[in-house]
Amino acid sequence: MTSERRTFAIISHPDAGKTTLTEKLLLTGGAIHLAGEVKARGQARRARSDWMKIEQQRGISVTSSVMTFERDGITFNLLDTPGHEDFSEDTYRTLTAVDSAIMVLDAAAGIEPQTLKLFEVCRLRSVPIITFINKIDREGRDAFELLDEIAEKLALDTSPMSWPVGMGGLFEGVFNFETKQLHLPEGDGKEYRGKTVQTDGAEDPKLAEYLSADGVERVAEEGLLAREGYPEFDFEAYRNGDLTPVYFGSALKEFGVEAIIDAIAKYAPAPRPQPAEGGEIAPDREEVTGFIFKVQANMDPNHRDRIAFMRQVSGTFKRGMKLTPSGLGKPIAVHSPIMFFAQDREIADTAEPGDIIGIPNHGTLRVGDTLSEKNEVRFTGLPNFAPEILRRVQLKDPTKTKQLRKALDDLSEEGVIQVFYPELGAQFIVGVVGQLQLEVLISRMEAEYKVEAGLEASPFATARWVKGPDAAIKQFESFNRANLARDRDGDLVFMAKSPWDVNYQAENNPELTFSATKER
Ligand code: G4P
């Protein structure tokens with residue numbers, strides 16, 4: 001029997017507590033045994049592979065990884081998304097590979113810019129969201145105010161599932177409306193170590209034995225207001241992405257962590273059908289299908305190997321199976337797939353829909369590729385985003401053009417950058433969604449390809465993929481050659497000097513489409 005799957009990601013603004021919550025989820029899920037291991041292991045891995053110097057310098061995680069744990073017969077696949085402010089397309093793509101998300105907010109900060117951006121990506125795909133309001137062991141904002149802010153800024157109904165009995169110095173525990181349990185702190189650290197009181201509800205007189213008079217009042221009165229003032233939890237509305245259940249807690253002190261796991265198990269969707277050309281592909285399709293949402297090159301600088309991360313959509317994958325990548329057209333045998341268990345990478349023998357497997361390869365697999373047994377399915381919805389920052393690449397040693405092109409091709413394949421080869425002129429142009437990607441580019445070109453390059457301003461502000469009938473394209477090309485380039489796939493791109501430029505061309509070329517995203 002195959003166990004149920006929950007494939008999810010955590011979205012948050014830097015510092016809200018994603019790493020801490022991840023660690024506690026894995027700990028509670030039994031995947032790791034010591035607190036602090038997520039960071040420590042991350043650092044060791046980075047030191048070992050030492051290629052992403054920026055990660056170390058900034059202490060941030062630029063790449064995503066996959067963590068798996070099991071609990072009560074359910075396999076949880078947690079996909080890590082980079083949490084820093086200048087995120088890349090990598091983050092977006094990781095969110096295309098999950099079925100639901102946990103949104104972590106800092107109780108003192110509420111909704112922050114990065115949370116908002118990531119939330120919008122989830123909304124695009126109707127990814128259901130469970131909210132965790134973290135750090136209630138510290139002074140935070142009023143709980144009602146936080147619920148209202150989520151509702152207003154995200155246009156999302158909020159349904160409180162638990163309630164903080166005070167915050168900061170007044171913190172006395174967490175009351176769970178669903179289970180009617182009161183969770184209490186213990187010891188000097190005021191941590192949750194399992195001390196739970198089962199009550200008959202928020203008005204149970206028993207609460208007075210465990211809480212101060214203020215605390216009792218908080219649970220009874222605020223609790224009542226919270227339940228009456230906000231919509232009741234509605235499963236369908238949550239699944240449609242219209243309502244978020246909200247849990248209060250402290251990842252650091254382990255309050256609310258179990259409630260989050262239970263909520264994912266109980267409410268979060270099992271692997272969902274995925275959009276494909278000609279209709280959705282359901283997980284119960286017999287044939288093995290999946291799509292590549294991420295490629296990571298040079299995990300080991302001594303070996304030019306890459307790992308392509310495939311989100312499995314249907315079928316039961318078995319080791320050694322032959323799958324055909326849509327980009328290649330001929331089958332490859334997947335002999336050594338990698339599963340990302342929390343402790344270590346492990347060789348997988350079988351995988352189910354919702355699982356992520358890593359497929360080592362030498363550059364044959366690319367982000368957006370579909371893999372399937374029969375080569376009939378094409379998944380859609382893994383977009384390239386129009387870059388917001390464009391730079392010309394200036395090579396320090398002109399004899400290294402070949403290496404430069406290799407580096408740019410590889411890194412664009414990984415989704416670190418996009419590369420544009422102008423129709424006129426020799427200087428390549430790179431495009432990114434966030435500034436940090438440029439630093440990653442320079443550092444990796446030097447470390448991995450021994451190419452020293454600088455970046456200089458380009459006259460372009462954004463890019464649009466151009467499509468239309470041949471004759472119209474030809475005419476457009478003849479007038480705009482200086483502003484045209486080809487992307488890595490050879491597709492035509494209009495390099496625009498301003499958004500106004502895009503509108504102008506669109507108005508004057510009604511037969512053409514100028515697209516800000518490109519689906520592969
Ligand atoms: P991130 O991955 O979202 O960036 O956040 P991370 O978990 O690294 O947490 C950011 C900081 O907030 C850390 O402190 C962490 O210990 C703290 N933190 C996380 N959850 C809670 C919580 O529930 N309560 C309180 N009081 N603090 C919390 P730091 O001092 O920046 O890092 P560290 O040196 O402690 O690791």
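Which residues does V98 touch, not counting residues up to four places away in sequence? Select V98 to begin: V98 touches T7, F8, A9, L79 and V127. Two residues are in contact if their C-beta atoms, placed from the backbone, lie within 7 Å.

This is a predicted model, in which local features need pLDDT of at least 70, side-chain atom pairs count only at pLDDT 80 or more, and totals for chains, interfaces and linings use all residues. Residues are numbered from 1 along each chain as its sequence is written.

**Stop 1: V98 and the whole chain**

Stay on V98, which sits in the loop between α4 (89-96) and β4. Helices (H or I, at least four residues) and strands (E, at least two) are DSSP runs, numbered from the N terminus. Is V98 buried or exposed? V98 is buried, because 28 other C-beta atoms lie within 10 Å. The cut-offs are these: a residue is buried if 20 or more other C-beta atoms lie within 10 Å of its own, exposed if 12 or fewer, and partly exposed in between, with C-beta atoms placed from the backbone. Now add E191 to the selection: E191 and V98 are 93 residues apart along the chain, and their C-alpha atoms are separated by 31 Å.

Show the whole protein chain next. The protein chain has 13 helices and 31 strands. Of its 520 residues, 46% count as buried. Among contacts in the protein chain with a separation of 6 or more, 71% are between residues 24 or more positions apart.

**Stop 2: the seven-stranded sheet**

Select β1 to β6 together with β11. These seven strands form an open sheet in the order β2-β3-β1-β4-β5-β11-β6, and the pairing is mixed. Two strands pair if DSSP finds at least two bridges between them. The edge strands are β2 (66-71) and β6 (157-160), each of which pairs on one side only. Neighbouring strands of this sheet are turned by 30 degrees against each other on average, direction ignored.

Look at the β6 end. β6 pairs with strand β11 (residues 243-248) in the parallel sense over four bridges. To find one pair of residues, select S159 and its bridge partner in β11, P245.

**Stop 3: helix α1**

Select helix α1 (residues 18-28). α1 packs on the sheet and touches β1 (4-12), β2, β3 (74-79), β4 (100-106) and β5 (129-134). The direction of α1 makes about 160 degrees with that of β1. Axes are lines fitted to C-alpha atoms, for helices over the stretch in contact, and angles run from 0 to 180 degrees between N-to-C directions.

Add helix α9 (residues 257-267), which packs against α1 at an angle of about 75 degrees, with the axes 10 Å apart. α1 is therefore roughly perpendicular to α9, a term for angles of 65 to 115 degrees. Where they meet, K24, L25 and T28 in α1 face V257, E258, I260 and I261 in α9. By class, this contact has four nonpolar, one polar and two charged residues. Ala, Val, Leu, Ile, Met, Phe, Trp, Tyr, Cys and Pro count as nonpolar, Asp, Glu, Lys and Arg as charged, and the others, Gly among them, as polar.

**Stop 4: the ligand**

Select the ligand and the residues around it. Which of the 17 residues come nearest? They are G17, K18, T19, T20 and L252. A residue is near a molecule if its C-beta atom, placed from the backbone, lies within 6 Å of it. Helix α1 supplies the largest share of this shell, three residues. The shell has four nonpolar, seven polar and six charged residues.

**Stop 5: two loops with a positive phi**

Most residues other than glycine have a negative phi. Select D72, in the loop between β2 and β3. D72 is not a glycine, although its phi is positive, about 45 degrees. D72 counts as exposed because it has 10 C-beta neighbours inside 10 Å.

Go on to K180, in the loop between β8 (173-176) and β9 (181-186). K180 also is not a glycine and has a positive phi of about 60 degrees. With 14 other C-beta atoms within 10 Å, K180 is partly exposed.

**Stop 6: the four-stranded sheet**

Select β7 to β10. They form an open sheet in the order β7-β8-β9-β10, with antiparallel pairing. β7 (162-165) and β10 (191-198) are the edge strands, each pairing on one side only. From one strand to the next, the twist averages 25 degrees. β8 and β9 pair over three bridges, and V174 stands opposite H183 in β9.

Notes. Parallel < 35°, antiparallel > 145°, perpendicular 65-115°, else oblique.
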